[in-house]
Amino acid sequence: MATPLRVLIVENSEADAELLLRELRRGGYAPEFERVETPEEMDDALARQSWDLIVSDYLMPRFNGLQALKRTHDKGFDIPFIIVSGSIGEDVAVAAMKAGAHDYLMKDNTTRLLPAIARELREARMRQERRQAEETIHRLAYTDPVTDLPNRVRFRELVQQAIEEAKKNRHPLALLHMNLEHFREVNDTLGHNRGDSLLKQVGTRLHGVLFAPDIIARLGGDEFGILLPRLAATGDVQHVIKKLQDSLAAPFMIDGIPIAIEASIGVATMPKHADDADTLLQRADIAMYHAKQMASGYVIYAPEYDRHSPEQLGLMAELRDAIVYNQLLLHFQPKVEIKTGRIVGTEALVRWQHPRRGLLMPDKFIIAAERTGLIGPLTRWVLTDALSHCQGARRQGIQLRVSVNLSARSLHDPHLPEIIEEALKATDAEPGQLTLEITESAIVLDPKRAEETLVALSRMGTWLSIDDFGTGYTSLASIKHLPINEIKIDKSFVMGMLTNKSDAMIVRAVVELGHNLGLAVVAEGVETKEMFDALAALGCDEAQGYFICRPQTCEALKSWFPTAAWKLAPAG
């Protein structure tokens, strides 16, 4: 059976072309051919179909073999190219081979034609197989097999290339590190094949809302990287994040099962946060874990999130000494019962009087303390000091509950009830004097364990409060089952309620929700009388904020009580 062969003949002589075709048929080939004799005809033939072989006359009236060869190479084709001529000299033959021709033949020596064609076709197949092998190796090395997106290795290369270009053109870029929440549960419940299907769908959706030259990659597991290489301004990254989050809003269908997916996103930008690929990737990763920990959707990198930075490591070493050598102090902010105007409690807020850096707010050290294991000793110190001050005020006839904020790590510490019992015993305080404030984001990290801990604390008699309510993901169903006593409306809604209808509706809804569930409702961030009066009209129970009093030391607060417009609760 004849071997099919697609051959493009660059030849102005029909007779010579026919001699070539006859020789090919004699050699066992079934040639599919086209004869061209001008550059335009050759371009058209190359564009219309692929060819196994090009045989070109060296010299023609409007064209020559070297020009045909150059045209083939310029268009990126690697096709066996044989030049034939009736009068080719040795110098021309050498020039043709140097230019990339695979062989040259004399028209009167057809005995060499078939062996030359067989050899070049064999070598062409070998080159093609080698290219395919190289492409396969490249694909395996640089492409994620599940999503067909670039993998971590390739993404790093693309990030570094984009950084070099951004430096040259002096424009910012952003790198986003995305982690899917609860993906492991999908794998465990539905199996890895369905998990892979979900990852592929996620990759497709994310890719669909990005525009060139933005790049998305799968970094491994349930993590994706997004490179935004040509930002007009760093603030534009928030618009992209919203598009990415919106793209994940609708459930994913896996074998008819709807799967809801949420994501935590960390952001690092160049040049603000780093100017090389490895550091930028690392800092986006740090920001992502902080977003995951806080259940905040996305977080832009800040140095205080990086527990590995020399500054943070040094600060944490000093924090241990600060706890031991009493460099920490508490400021207290009063809470007022709106209906009566009575001061009913205070919130303890920890500060660090650093010997060199001055007074440090908790955002400078709390997160790092959680990551380094110092949050336990720090929580013990805060509880004991807050209850000691509370007891001291009680001995002077001032009866107030004191609120202490619990971090996510503290809430999920199985020894937390013991720590609180020890603090109560050490200060001779009663459980009812202590309010523990827990954020929604801390609860959703491990709802089952959080509920078990809160039940144990409630049985002890402590007052339980959900802080920053409205900013997290606590469901109404879970609130009904949690043994809490109050909810605190996040100050972002309270401060906007007079100018923003949405904030006002949220505040109203939270007050009504809390009362329907039998809970007290506290508004924080109350900065004006107008806010206070609006909350009173809504029936909110308590208020806290600068309008009432700024946080201050216990001694300063005691001096403030007699002069304040607010009344202390009577001693009992």
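Phe547 counts as partly exposed, with a relative accessibility of 27%. Keep in mind that this is a predicted model. From Phe547 we'll move through its aromatic neighbours, then on to Thr553 and two sets of strands.

**Aromatic rings**

- A pair of aromatic rings is described by how far apart the centres are and by the angle of the planes.
- Five aromatic pairs turn up in this model.
- In one of them, the ring centres of Phe547 and Trp566 are 5.8 Å apart and the planes sit at 80 degrees; the cut-off for edge-to-face is over 60, so this pair is edge-to-face.
- Where do the two partners sit? Phe547 is in the loop between strand E21 (542-544) and helix H22 (554-560), while Trp566 is in the loop between H22 and strand E22 (567-568), so the pair ties together parts that are 19 residues apart in sequence.
- Is Trp566 buried or exposed? Trp566 is buried, at 14% relative accessible area, whereas its partner Phe547 is partly exposed.
- Trp560 and Phe561 also pair up: their ring centres are 5.8 Å apart too, but the planes make 55 degrees, so this pair is tilted.
- Trp560 counts as buried at 16% relative accessibility, and Phe561 counts as buried at 8%.
- Phe547 and Trp566 also belong to one aromatic cluster together with Phe532.

**Charges over rings**

- Arg550 has its charged end over the ring of Tyr546, at 4.0 Å from the centre.
- Elsewhere, Arg205 lies over the face of Phe252, and here the distance to the ring centre is 3.6 Å.

**Around Thr553**

- Thr553 is another residue in the loop between E21 and H22.
- How accessible is Thr553? Its relative accessibility is 31%, so Thr553 counts as partly exposed.
- The side chain of Thr553 reaches the backbone nitrogen of Ala556, at 3.2 Å.
- Leaving aside residues up to four places away in sequence, Thr553 touches Leu329, Leu330, His331 and Phe332.
- Thr553 and Ile398 are 155 residues apart in sequence, yet their C-alpha atoms are 15 Å apart in space.

**A five-strand sheet with helices on it**

- What is the strand order in this open sheet of five strands? The order is E7-E8-E6-E11-E12, and the pairing is mixed.
- Strand E7 (215-220) and strand E12 (298-300) are the edge strands, because each pairs on one side only.
- On average, neighbouring strands of this sheet are turned by 20 degrees against each other, ignoring direction.
- Inside the sheet, strand E6 (residues 173-180) and strand E11 (residues 263-270) pair in the antiparallel sense over eight bridges, with Leu173 opposite Met270 in E11.
- Helix H6 (residues 152-169) packs on the sheet and touches E6, E7, strand E8 (223-228) and E11; the direction of H6 makes about 20 degrees with that of E8.
- Helix H10 (residues 277-294) packs on the sheet as well, touching E6, E8, E11 and E12; the direction of H10 makes about 145 degrees with that of E11.

**Strand E19 and its partners**

- From strand E19 (residues 486-489), Glu486 and Lys488 point one way and Ile487 and Ile489 the other way, and all are buried.
- Strand E18 (residues 463-469) runs parallel to E19, joined by three bridges; Glu486 in E19 is the bridge partner of Ser465.
- Strand E20 (residues 520-524) also runs parallel to E19, joined by four bridges, and Lys488 stands opposite Val522 in E20.

Notes: Residues are numbered from 1 along each chain as its sequence is written. This is a predicted model: local features need pLDDT of at least 70, side-chain atom pairs count only at pLDDT 80 or more; totals for chains, interfaces and linings use all residues. Side-chain values use heavy atoms; hydrogens and water are left out. Rings of Phe, Tyr and Trp (its six-membered ring) pair if their centres lie within 6.5 Å; planes under 30 degrees apart count as stacked, over 60 as edge-to-face and the rest as tilted. Helices (H or I, at least four residues) and strands (E, at least two) are DSSP runs, numbered from the N terminus. Buried means under 20% relative accessible area, exposed over 50%, partly exposed in between (1.4 Å probe, protein chains only). A charge sits over a ring if NZ of Lys or CZ of Arg is within 6 Å of the ring centre and within 35 degrees of the ring normal. Two strands pair if DSSP finds at least two bridges between them. Axes are lines fitted to C-alpha atoms, for helices over the stretch in contact, and angles run from 0 to 180 degrees between N-to-C directions. Contact means heavy atoms within 4.5 Å. A polar contact is a pair of N or O atoms within 3.5 Å; within protein, one must be able to donate a hydrogen and the other to accept it, and residues adjacent in sequence count only if both atoms are side-chain atoms.
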